[in-house]
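Trainee: Hi, have you got a few minutes to go through a structure with me? I'd like to start with the domains.
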Amino acid sequence: MDAVASFVAQLLNGLAGASSLFLVAAGLSLIFGVTRIVNFAHGSFYMVGIYAAYSAVAWIGEGPGYWAGLVLAAVAVGVLGALIEILLLRRIYHAPELFQLLATFALVLVIKDAALWLWGPEELLGPRAPGLRGSVPILGRQFPSYDLFLIVVGPLVLGLLWLLLTRTRFGTLVRAATQDREMVGALGVNQAWLFTAVFALGAMLAGLGGALQLPREPANLELDLATIGAAFVVVVVGGMGSIPGAYVAALLIAELKAICIWLGVVEIAGVSISFSKLTLVVEFLVMAVVLVVRPWGLMGRPQAPSRNAGAAEAPLRAPDRLAKAAIAAVVLALFALPALSSQSPYVVILTIDILVAVLFAASLHFIMGPGGMHSFGHAAYFGLGAYGAAILLRATGAPMEIALIAAPLIAAVGALVFGWFCVRLSGVYLAMLTLAFAQIAWAIVYQWDAFTGGSNGLTGVWPSAWFSDKRAYYALTLALVLAGVFVLRRILYAPFGYAMRAVRDSTLRADAIGIDVKRVQWVAFVIGGLVAGLAGALFAFSKGSISPETLHVAKSVDGLVMVLLGGVQTLAGPVVGATLFTWLHDSVARSTEYWRAMLGGIILILVLLFPQGVAGFVRQVVYGRREAKGGS
Amino acid sequence: MLLDVHALSAWYGAAQILFDVDLGVRRGEVVALMGRNGAGKSTTLKAIMGMVDRRKGTLAFMGHDISRAEPHRVAQLGLGFVPEDRRIFTDLTVAENLAVGRQPSRRWPDGSDAPTWTPEHLYRLFPNLGGMPDRPGGRMSGGEQQMLTVARTLMGNPFLVLLDEPSEGVAPVIVEQMAQMILELKGQGVSILLSEQNMHFAELVSDRAYVLEKGQIRYTGTMADLAANDEVRRAYLSL
């Protein structure tokens, strides 16, 4: 009896948790449908929702005003969303999809620091809701009445949204724009305001989702990324653009989590399995399964080809004499660096970081730019390389040299397995599946204390004796990074590279001329993973210790930012981007407490000024002018 | 002149498609823009709407300068566009497709009422649509979609409709209905600029014609003159 009661209590708990998740996901889904922007900042809206509700309730005072406070907070977040749309996103609707993503990620950084500045680093738990402070007995257990209220809110909002979308002119326009926004414009509808309204509505839903959590969950600065991860999963599992699908997915995931908590530690065939630990990955497991079985989500429909496809990618240029001279000069300068900077040893350490970042970014660029596969989980292979090297070194006592050879292979095996699933998808769905695999890998590393050291990571990962001097290790890193980048470039100009780009530009045509599309993508994915693994191993030996951070989603996002910052369609892009990002990160982080906001601000400025990336911009300045003179 | 286009050039990416196109439509006229596949007919219509990557030239519609206007602004001035590929909202019902196109009724500058359309009105004009107001656009035949895309644009009560290849890819019986429909619209006071390859169809409905080849206007004249001019037809229109 008691088991049943606790089971029911957990189920109800899951239902209550599903409501807020649904609100956030519904907003994300709406925004994606109409604007085609994958709004990374959506979790931040949720976070601001809780904080704003905390302040609003403190300001209005408790009592009936409490509810007004929650609504006020949601509206405030809606207004914030509208402002962001008008001031920022409106300027970049014509930029490539990935740039929009980069811009919304910069917003995450800025909003996080704004919240830090406004509300401080402490967790803030709001007061409980008036009238719903008590609890209701259910099967002999006390169940909070506020949670019962939340259980009702989810379906209620679902119903209201459904009415809005199917029974109003606004809803009709939203659904039409989701399919073909250019045509909606040609019929006399001002898309700009439609987009603003949808963005504000989506932000408001996220804000409401946050505000409603005020009495249940303390406001803290980590909620943004945690929420956006969960919301992405819900949207993808439910089916992009399907609001009822988002509700079903939110329910499914919340209930599975509840069941995992209820199961706790279970003995199965003599092995004790901790289901409660599974809660960290359960949503990503669900997403991986759904994407493999039904790639368009539970209630979504196969994606129609987008009418707003970006311009065709320009062919890659072979470097001319000027570019070759520049590359040679940079390489020479890099080899001379230790001698030139003997007064400040930090320069060498920072440059090692930059070189590792360059290799990581180049490997991501390889599958993203020429390969056309947008990976949100590339850190998985970086991390596999790092952990592979560290574990090999510590467990078998193999020397660094062996570990450096084996680690990339371990990462490649990981990419071989994950890639097989990933290349079966495309676009946002592929990106989400890479993210899911990365999260699963992260959760395993994070929790397998005996093998990976768990959250503490592994220490004592030092290079062999003759590379223990930083300058020697620098030379090794430089040589391997140069070799890695060179090999990647070489592949791109080989027939295999042509096949990769053909597949990116037109899957159907590539297929029709006899290219095995999936195989090409798979091989490219594995090569990208292999090189990322080498970067990870180099990273491990340069630091001497590693932690689960090396395969955290933040690391994947760092890689994305580097590639996008430099420019996706230039080969120099990842090199420039990684250098700029690592250097900015290093110098800004040392100079201010609000380094994230600075970094975000810089990224936003770069996105607005250089929509082709920094390297793309330089190329345009150098070559664009020359072409203008030589051409017509 | 209702629509006055002067020295219109247009580009897709780096490729220039139109070169200094001049054309005009007067009130009450049906004008045909003739030319082979790839001559630039559709691009001309899209460039007038502002739906190309880049354009240059002077465009005036009912005295408003629309050389730089965005598509929604052009549509709000009463210039309707019916795309060649129909672009029906397949998830929306027939009635909802029409609702998306709805705009307020208009008056001519002289104060008289311009043609105004309601769904009931359009269901009479296109009886097939009247029988299926709740059917999703995606579950209609090509001919029915062709009617719906015209009806949807008419919901904006346009003074002038840009009609892109109405006779392409539909059954002969629908082509006939399209011709009927154009004449009926003309009778109601709607002007039409249509792009067309089908000489027979154009002859049936048009007052004047322009012939386009490789993005340039090669011939301007009345439809009757063009029909009688074998030389021009052989040079620019025959296959």
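Trainee: So how many residues of domain 1 of chain A are in contact with domain 2 of chain A?

Mentor: 32 residues of domain 1 of chain A touch 29 residues of domain 2 of chain A, where contact means C-beta atoms, placed from the backbone, within 7 Å. Bear in mind that this is a predicted model: local features need pLDDT of at least 70, side-chain atom pairs count only at pLDDT 80 or more, and totals for chains, interfaces and linings use all residues. Residues are numbered from 1 along each chain as its sequence is written, and chains are lettered from A and ligands numbered from 1 in the order in which they are written.

Trainee: Where does the domain assignment put domain 1 and domain 2 of chain A?

Mentor: Domain 1 is 2-293 and domain 2 is 341-630, with bounds from an automatic or database domain assignment. Their C-alpha centres lie 31 Å apart.

Trainee: And which elements give two or more residues to the domain 1 side?

Mentor: Helix H4 (97-119), H8 and helix H11 (282-293) of chain A; helices are DSSP runs of H or I with at least four residues, strands are E runs of at least two, and both are numbered from the N terminus. H4(A) has the largest share, 13 residues. By class, that side has 27 nonpolar, one polar and four charged residues. Here Ala, Val, Leu, Ile, Met, Phe, Trp, Tyr, Cys and Pro count as nonpolar, Asp, Glu, Lys and Arg as charged, and the others, Gly among them, as polar.

Trainee: Switching to helix packing, at what angle do H8 and H9 of chain A cross?

Mentor: Roughly 120°, with the axes of H8 (residues 223-238) and H9 (residues 243-263) coming within 7 Å. Axes are lines fitted to C-alpha atoms over the stretch in contact, and angles run from 0 to 180 degrees between N-to-C directions. That makes H8(A) oblique to H9(A), as angles under 35 degrees are roughly parallel, over 145 roughly antiparallel, 65 to 115 roughly perpendicular and the rest oblique.

Trainee: Which residues make the contact?

Mentor: Among them are A:Val233 and A:Gly238 of H8(A), and A:Gly245 and A:Ile253 of H9(A). The contact has nine nonpolar, two polar and no charged residues.

Trainee: Last one: in which sense do strands E3 and E4 of chain A pair?

Mentor: Antiparallel, over four bridges, with E3 at residues 265-268 and E4 at residues 271-274; pairing needs at least two DSSP bridges. A:Ile268 sits opposite A:Val271, and in the hairpin, which has two residues between the strands, A:Ala269 takes a positive phi near 50°.

Terms used: Two residues are in contact if their C-beta atoms, placed from the backbone, lie within 7 Å.
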